[in-house]
Amino acid sequence: MGGLANFLPLLLVLGGMMFFMNRTQKKQQNQRQQLLDSVKPGSEIITIGGLYGIVHEIDTDKGTVTIDCEGVYLEFERGAIKNVKPSDTPVAEVVTETVTTDVADDTVVEEDTTEVIEEQVESEESK
């Protein structure tokens, strides 16, 4: 019984260390997945090989991204992305509304109005 009493605190310390290491690893995996999910066409990225480029196209079926590196288009796996910088290019958003107006007693006129709204995406580096 005396040997078990000496061994039990060691087991508790090792179990606690394993728990916290596993928790830290899961947080890092979640951050990495959020980083990869934030990639959109137009995002500036750096690959694990140190190549700087702009995402041209994302193929979710194959799990690849096509990167524009000064006119040269290269295809990489999504996992090859090391860092993502937010793009500074304006993003256009199209808003379509249908307006219904009564012209006469039984006549209904529907008009589609399309409006393009441009937003400037702010860089986190400028904050």
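# Exercises on a predicted model

Glu-70 is exposed, with 82% relative accessible area. Keep this residue in mind, since it returns below. The structure is a predicted model, and the exercises walk through it step by step.

## Exercise 1: The overall plan

Task: Find how many helices and strands the chain has, and in which order they run.

Solution:
- Step 1. Count the elements: the chain has 1 helix and 7 strands.
- Step 2. Read them from the N terminus, and the order is α-β-β-β-β-β-β-β.
- Step 3. Look at burial across the chain: of its 127 residues, 14% count as buried.

## Exercise 2: The sheet

Task: Work out the strand order of the open sheet, and say which strands stand at its edges.

Solution:
- Step 1. Lay out the 5 strands of the open sheet, which follow the order β4-β3-β2-β1-β5 with antiparallel pairing.
- Step 2. Go to the two ends of that order. β4 and β5 (81–85) each have a single partner strand, so one side of each has no neighbour in the sheet.
- Step 3. Check the twist: ignoring direction, neighbouring strands of this sheet are turned by 40 degrees against each other on average.
- Step 4. Zoom in on one pair. Strand β1 (residues 44–47) joins strand β2 (residues 52–59) in the antiparallel sense, over 3 bridges. Here Glu-44 has Ile-54 of β2 as its bridge partner.
- Step 5. Turn to another pair: β3 and β4 are also antiparallel, with 6 bridges between them. Thr-66 has Glu-75 in β4 as its bridge partner.

As background, strands of a sheet pair through backbone hydrogen bonds, either parallel or antiparallel.

## Exercise 3: The turn between β3 and β4

Task: Say what is notable about the phi of Glu-70, and where this residue sits.

Solution:
- Step 1. Start from the general rule: most residues other than glycine have a negative phi.
- Step 2. Compare Glu-70, which has a positive phi of about 55 degrees although it is not a glycine.
- Step 3. Place the residue: Glu-70 is in the loop between β3 and β4. These strands form a hairpin with 2 residues between them.
- Step 4. Look at Gly-71, found in the loop between β3 (64–69) and β4 (72–77). Gly-71 has a relative accessibility of 52%, so it counts as exposed, the cut-off being over 50%.
- Step 5. Add a distance: Gly-71 and Gly-53 are 18 residues apart in sequence, and their C-alpha atoms are 9.7 Å apart in space.

## Exercise 4: Salt bridges

Task: Find the salt bridges, and say which parts of the chain they link.

Solution:
- Step 1. Recall the idea: side chains of opposite charge can pair when their charged atoms come close.
- Step 2. Count them: there are 2 salt bridges.
- Step 3. Take Asp-37 and Arg-78, whose closest N and O atoms are 3.3 Å apart. Asp-37 lies in helix α1 and Arg-78 in the loop between β4 and β5, so this pair ties together parts that are 41 residues apart in sequence.
- Step 4. Check the accessibility of both partners. Asp-37 is partly exposed at 48%, and Arg-78 is partly exposed at 24%.
- Step 5. Take Lys-62 and Glu-75, whose side chains meet at 3.0 Å, N to O. This pair links distant parts of the chain, with Lys-62 in the loop between β2 and β3 and Glu-75 in strand β4, 13 residues apart.
- Step 6. Check these partners too. Lys-62 is exposed at 55% relative accessibility, whereas Glu-75 is partly exposed at 47%.

## Exercise 5: Aromatic rings and a nonpolar patch

Task: Describe how the rings of the aromatic pair are arranged, and which residues make the nonpolar surface patch.

Solution:
- Step 1. Count the aromatic pairs: the structure holds 1.
- Step 2. Name the partners and their geometry. Phe-19 and Phe-20 are 5.3 Å apart, centre to centre, with 70 degrees between the planes. The pair is edge-to-face, because the angle is over 60 degrees.
- Step 3. Check Phe-19, which counts as exposed at 51% relative accessibility.
- Step 4. Move to the patch of about 880 Å², made by Leu-4, Phe-7, Leu-8, Leu-10, Leu-11, Leu-12, Val-13, Leu-14 and Met-17.
- Step 5. Pick one member: Phe-7 lies in helix α1 (residues 2–37). At 44% relative accessibility, Phe-7 counts as partly exposed.

Technical notes: Residues numbered from 1 in each chain as written. Predicted model: local features only at pLDDT ≥ 70, side-chain atom pairs only at ≥ 80, totals over all residues. Heavy atoms only, no water. Helix = DSSP H or I, 4+ residues; strand = E, 2+ residues; numbered from the N terminus. Buried < 20%, exposed > 50% of the residue type's maximum accessible area, 1.4 Å probe, protein only. Pairing = 2+ DSSP bridges. Axes fitted to C-alpha atoms, helices over the stretch in contact; angles between N-to-C directions. Phe/Tyr/Trp six-rings, centres within 6.5 Å; stacked < 30°, edge-to-face > 60°. Patch = residues over 30% accessible without salt bridge, like charges linked within 9 Å, V, L, I, M, F, W, Y side chains within 5 Å. Areas by Shrake-Rupley, 256 points an atom, 1.4 Å probe, with all protein chains shown as cover. Salt bridge = Lys/Arg side-chain N within 4 Å of Asp/Glu carboxyl O.
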